[in-house]
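Please open the model in your viewer and keep the sequence panel beside it, since each stop on this tour begins with something to select.

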Amino acid sequence: MKVKILTLGCKVNQFESQAMLRELAENGYQTVNEDEKADISVINSCAVTRVSEQKAVKLIHRLRRENPDGIIVLTGCMAQAFPESGDRLPEVDIVLGNKRRKDIIPVLKEYLAGGERLVSVENYCRSDPYEALVVDDFVNRTRAFLKIEDGCNRFCSYCIIPYARGRVRSCSLEYIRDEVKAFAANGYKEVVLIGINLSSFGSDNGLKFSDAVTAACESADVRIRLGSLEPESMDIETLKLLSRYKNFCPQFHLALQSGCNETLKRMNRHYTVEEYSEIVNNIRSVFDNPSITTDVMVGFAGETEEEFEESLKFVEDTGFARVHIFPYSRRKGTVADRAQGQLSPEVKKERASAMARVAAKGMKAFLDSQVGRIEQVLIESRNKNGMYEGYTMNYTPVFIKADENCIGKVADILIEKAEDGFCTGRIINKE
């Protein structure tokens, strides 16, 4: 039977989709691309925002229209956090929670044998072990992703993810070493460490986050990059340790959410803007030419105009290389959903636009600061204009002209110009 997986949401979901595809292929299913017709369509869903949930619903409706006789499986965070969502979606044949994802083969066999709708969702508990998945192929990528942590203990007031993913669970250092070595042997030039709350790695098994990064950096001669981080995990000792490794990429995606202390308290975030600033300053003092990127939420419940202005100014003063901006989305089952002072979509949209204007200035200043530097670029693709595209160690996007195929190469690039959202440069030397 032909099967395809359509993935919504974060890099962790993408990693887990690849693991499921691998298992399906090993059990005799023919995996096909997302745009091809399949007997079985698996939607690996996201539940971070209401918009992400709506995307899954629209996708399910479309798949049923296009293939009335096909089997539709809903899995991922939406299925785990809101198992009743399957009741609202009669088009779905199987609802498979995150904890039962590893059972996709026997669940499919059960459905094919009986033909009756299945809902297989099991709640997480504190004693759950880490699920070590194996992924050996990332289609059309020169970088690999390695999930080393799952779950979250933070319970931010706006977030449903602890209910969709359970408590923190970390992999072993041996697993990290083995997987990084395997990726390097398969030709990947960069490995990105990812997790639901990556910074919490080791809090469940006596290890530290820096242990994981050290294990990865020492395993193979490939670039090691980090996924999204909680800022308070980046203490000065950790930063100094990571700076020793030449293959460590100095890009730090530190989730801010708000530049206002009062808003951070209502969000149940565990730092102040002053502490965040100190961490950013420490990064910039320890590393040569790092980048700081972030997530910022606007229109959170109870956010006053004055609080928003504080957040706006903090983003401007910090000077982020890139900012992911999103309006607050109410999530059933969270503290913030029941809070007073919910703002209108119009106000959220207006504030998102204002924040985007400030963020664009910060990105321009960062890109301008890269001009004249010689940086190592991992070349990953070629665009429709014939330019090769790649990223520096600090994740600056660079477009390059070249006479030969450079995809998969690491090259020294002289950055000559900053454009709108990227830089251009020329090759000085390549491997």
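Two strands are said to pair if DSSP finds at least two bridges between them, and with that in mind you can begin at a pair of strands in what is a predicted model. Select strand β4 (residues 71-76) together with strand β5 (residues 94-96), which pair in the parallel sense over three bridges; within this pairing, the bridge partner of L74 is V95 in β5.

Keeping that pair on display, add helix α2 (residues 50-66), which packs on the sheet and touches β1 (2-7), β3 (40-45) and β4, its direction making about 175° with that of β3. Then add helix α4 (residues 104-114), which lies across β3, β4, β5 and β6 and runs at about 160° to β5.

Now widen the selection to the whole of this open sheet, whose six strands follow the order β2-β1-β3-β4-β5-β6 with parallel pairing. At its edges stand β2 (30-31) and β6 (118-120), and because each has a single partner strand, one side of each is left without a neighbour in the sheet.

Next, colour α1 and α4, whose axes are 10 Å apart and which pack at an angle of about 60°. Are these two helices parallel or oblique to each other? Angles of 65 to 115 degrees count as roughly perpendicular and those under 35 as roughly parallel, and α1 and α4 are therefore oblique to each other. Show the side chains of M20, E23 and L24 on α1 and of I104, I105 and L108 on α4, which make the contact; these residues divide into five nonpolar, no polar and one charged.

Move on to a second open sheet, in which four strands stand in the order β8-β7-β9-β10 and the pairing is mixed. Here the edges are taken by β8 (169-170) and β10 (223-226), each with a single partner strand, so one side of each has no neighbour in the sheet. Select strand β9 (residues 190-195) with β10, which run parallel and are joined by four bridges, and look for E190, whose bridge partner in β10 is R223. Helix α1 (residues 11-26) packs on this sheet as well, touching β7 (143-150) and β9, with its direction at about 105° to that of β7. Helix α6 (residues 173-185), by contrast, lies across β7, β9 and β10 and runs at about 170° to β7.

For the interior, select I176, L193, F252 and L254, which touch the most other members among the 74 residues of the largest nonpolar core. Helix α7 (residues 209-219) gives the most to this core, with six residues. Centre the view on F252, which, leaving aside residues up to four places away in sequence, touches L229, M234, L239, I283, F287, S291, I292 and T293. Apart from this core lies another, of 18 residues, with V3, L24, I71 and I104 among them.

Finish at strand β14 (residues 374-382), which runs antiparallel to strand β17 (residues 410-418) and is joined to β17 by five bridges; along this pair, V377 stands opposite A411 in β17. Strand β14 also pairs in the antiparallel sense with strand β15 (residues 388-392), again over five bridges, and the bridge partner of L378 in β15 is Y391. With five residues between them, β14 and β15 form a hairpin, and G386 in the turn has a positive phi of about 85°.

Methods: Residues numbered from 1 in each chain as written. Predicted model: local features only at pLDDT ≥ 70, side-chain atom pairs only at ≥ 80, totals over all residues. Heavy atoms only, no water. Core = buried A, V, L, I, M, F, W, Y, C linked by side-chain atoms within 4.5 Å. Buried < 20%, exposed > 50% of the residue type's maximum accessible area, 1.4 Å probe, protein only. Contact = heavy atoms within 4.5 Å. Axes fitted to C-alpha atoms, helices over the stretch in contact; angles between N-to-C directions. Parallel < 35°, antiparallel > 145°, perpendicular 65-115°, else oblique. Nonpolar A, V, L, I, M, F, W, Y, C, P; charged D, E, K, R; others polar.
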